Amino acid sequence: MPETILEVTGITRRFGGLIAVNDVSFAVQRDEIFGLIGPNGAGKTTLFNLITGLTHPSSGKLFLMGQDVTHQRPHQIAAKGIARTFQNIRLFGNLTALENVMVAQHVHTSSGVFSGIIGTPKARREERHVREQALHLLDMVNLADRAETVARNFPYGDQRRLEIARALALQPQVLLLDEPGAGMNPNEKAGLSGFIREVKEKFALTVVLIEHNVPMVMGLCDRIAVLNFGQLIALGNPAQVQADPAVIEAYLGDEG
Amino acid sequence: MELTTLLQQLINGLSIGSVYAIFALGYTLIFSILGIINFAHGAVFTMGAYFTYALIGSRFGFNGIFANAQLPFGLPFPLALIAGGVLAGLVGVLIERTTFRPLRRRGADPLLTLVSSLGMAVALVNLIQYFVGAEAYSYPSSVLAGLPPSINFGTPEKPLIVRTVQIVIAIISLIILVGLTLFINKTKTGRALRAVSEDGTTASLLGINTDRLIVLTFFISGFVGGIAGTLVGLSVTITGPYFGIAFGLKGLAVIVLGGMGNIPGAVLGGLVIGIAENLLPASAVAYKDAIAFAILFIVLLVRPQGILGRAQITKV
């Protein structure tokens, strides 16, 4: 019996007269790689913003592991186990790679402001532990040797990997990836599917992925939801979605 | 100027400049997190000075609601300084709650928040006047009991006399500067603050409660502002409810000079202005307050981003 980890029911988001997401419902099962595709402006990123609490739905609900988190704030949802990366990378450019990752471990530490200032043994121990874990994550994405380099000095591909390491530091249950292949060269793109699978297994994650590269999505995802003009027009495994007339219409219509 | 006089003025300049620096840091911290100048910061500075004045057990004048009031106890000066700073920090938190947060929640334009903080400054100044009157207050000289009024660093023939109070101010400011720098660069909370100042949205998606950090920032800002108020009050006198307003303008000059939102910039700007003011010849002392703005004007012509500020690159 598959377990539902993330569920949206009848979720709608209006911006003035524009309906960015219109009555969308789906449930993501634990352990799957769930794809979210659709033409530009279909509402994919808005949906990610709704799931992470950056914007709140005009109507509808959001459940995480059975719990209603519809009106929770981003930091509360993050602490409950949803991490994301961005279409255009959003690292803390003036912080080092190590600090970027350590920031994301903030919720998993308990020492307060004051014990940090006076440096109690507990706070020191915790800080040491956080640092070790961060270095471990950086090692996994092959950046450990440049841990003290500030993030804005990394080349593009490395910044992508650093952003993923930072998201993992949050110890999420669900990882949302917003166009992880954007801006990558063909070489980097080829390795991306393998990397996502590897990370998913290693950290026991459920992955929700927005991606424009259709062959990659078809090869990687267990199930795919297709959005068009804010509406869910298809949901199913890659073969089903590919054969769906509404999907063909949306994509051909978009290009024609 | 004779060498000893020059040295003397240099030390005085460093001393007052270090107070400018910690005061300006209060602006800088809030600006780097919210991108807004807190115009009520000058009023917090004033309140810090009054809090400490009350806490050492001094009596208020005969105007205002608290006419002739006096606490039943008097704290020793170092304790009163810290407690006054903490109270000023709480005023900072109150300002955040009433003046900043409601507007932030509604996604208001930063300019509106700036105006609302200006309104808060006026309200606070008037409250002070309402409670303790408009007269000037001086800390009793006994607060530095046990210390000589001045120290001669020269020889009896070539004296280099520095007021003890200037040394005390410089030391306290230095401790605060070093402590704050370590806090921001070396602790977990400081790291989170730096992350929020770069990108609060992303920080919140990584589980950081930005509202809590903003409150903490206002507390720290109020704390250092209140301590600066006490130190200036100690050096000269608390000139009245408007004590911090002129000082507040100079603080703005300091942060713009150093580079907005830049901590080392605020420190450098404070020291530059403090020293420049004190190197004025005695005949020009009346123009002391003009110096800060004259320097600001000249520097901005050459470096619009401030001495240590990073130039804004507009992408086309």
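What follows is a chat between a trainee and a mentor about this predicted two-chain model.

Mentor: Ground rules before we start. Residues count from 1 along each chain as its sequence is written, and chains are lettered from A, with ligands numbered from 1, in the order in which they are written. Because the model is predicted, local features need pLDDT of at least 70 and side-chain atom pairs count only at pLDDT 80 or more, while totals for chains, interfaces and linings use all residues; side-chain values use heavy atoms, with hydrogens and water left out.

Trainee: What makes chain A readable, in terms of pLDDT?

Mentor: pLDDT is the predictor's confidence in each residue, from 0 to 100. On that scale chain A has a mean of 90, with 98% of its residues at 70 or more. Chain B averages 89, and 98% of its residues score at least 70. For the whole model, ipTM is 0.90 and pTM is 0.90.

Trainee: Which elements of chain A have the lowest and the highest mean pLDDT?

Mentor: Helix α10 (residues 245–255) of chain A is lowest at 75, and helix α3 (residues 97–103) of chain A is highest at 96. Where pLDDT is low, the predicted coordinates should not be read in detail.

Trainee: Why are β1(A) and β2(A) called paired strands?

Mentor: Strands are DSSP runs of E, at least two residues, and helices are runs of H or I, at least four, numbered from the N terminus. Two strands pair if DSSP finds at least two bridges between them. β1 (residues 4–15) and β2 (residues 18–29) of chain A have 8 bridges in the antiparallel sense, so they pair. A:Val8 stands opposite A:Phe26 in β2(A), and A:Arg13 has A:Val21 as its bridge partner. In their hairpin, with 2 residues between the strands, A:Gly16 takes a positive phi near 60 degrees.

Trainee: How do you know that β4(A) and β5(A) pair?

Mentor: They are joined by 2 bridges and run antiparallel, so the cut-off for pairing is met. A:Leu64 has A:Gln67 in β5(A) as its bridge partner. β4(A) is also joined to β1(A), by 5 antiparallel bridges, with A:Thr9 opposite A:Lys61.

Trainee: Why are β2(A) and β5(A) edge strands in the open sheet β2-β1-β4-β5?

Mentor: Each has a single partner strand, so one side of each is left without a neighbour in the sheet.

Trainee: What about the open sheet of 6 strands in chain A?

Mentor: Its order is β6-β7-β8-β3-β9-β10, with mixed pairing. β6 (82–84) and β10 (231–236) are at the edges, each with one partner, so each has a side without a neighbour in the sheet. β6(A) pairs in the parallel sense with β7 (residues 174–178) over 3 bridges, A:Ala83 partnering A:Leu175.

Trainee: How do you know that chains A and B are in contact?

Mentor: Contact means heavy atoms within 4.5 Å, and 33 residues of chain A are in contact with 25 residues of chain B. Buried area is the accessible area (1.4 Å probe) that two parts lose on being put together, summed over both. Here that is about 2,400 Å², of which carbon and sulfur atoms give 60%. In chain A, A:His75, A:Phe92 and A:His106 lose the most area to chain B, together 24% of what that side buries.
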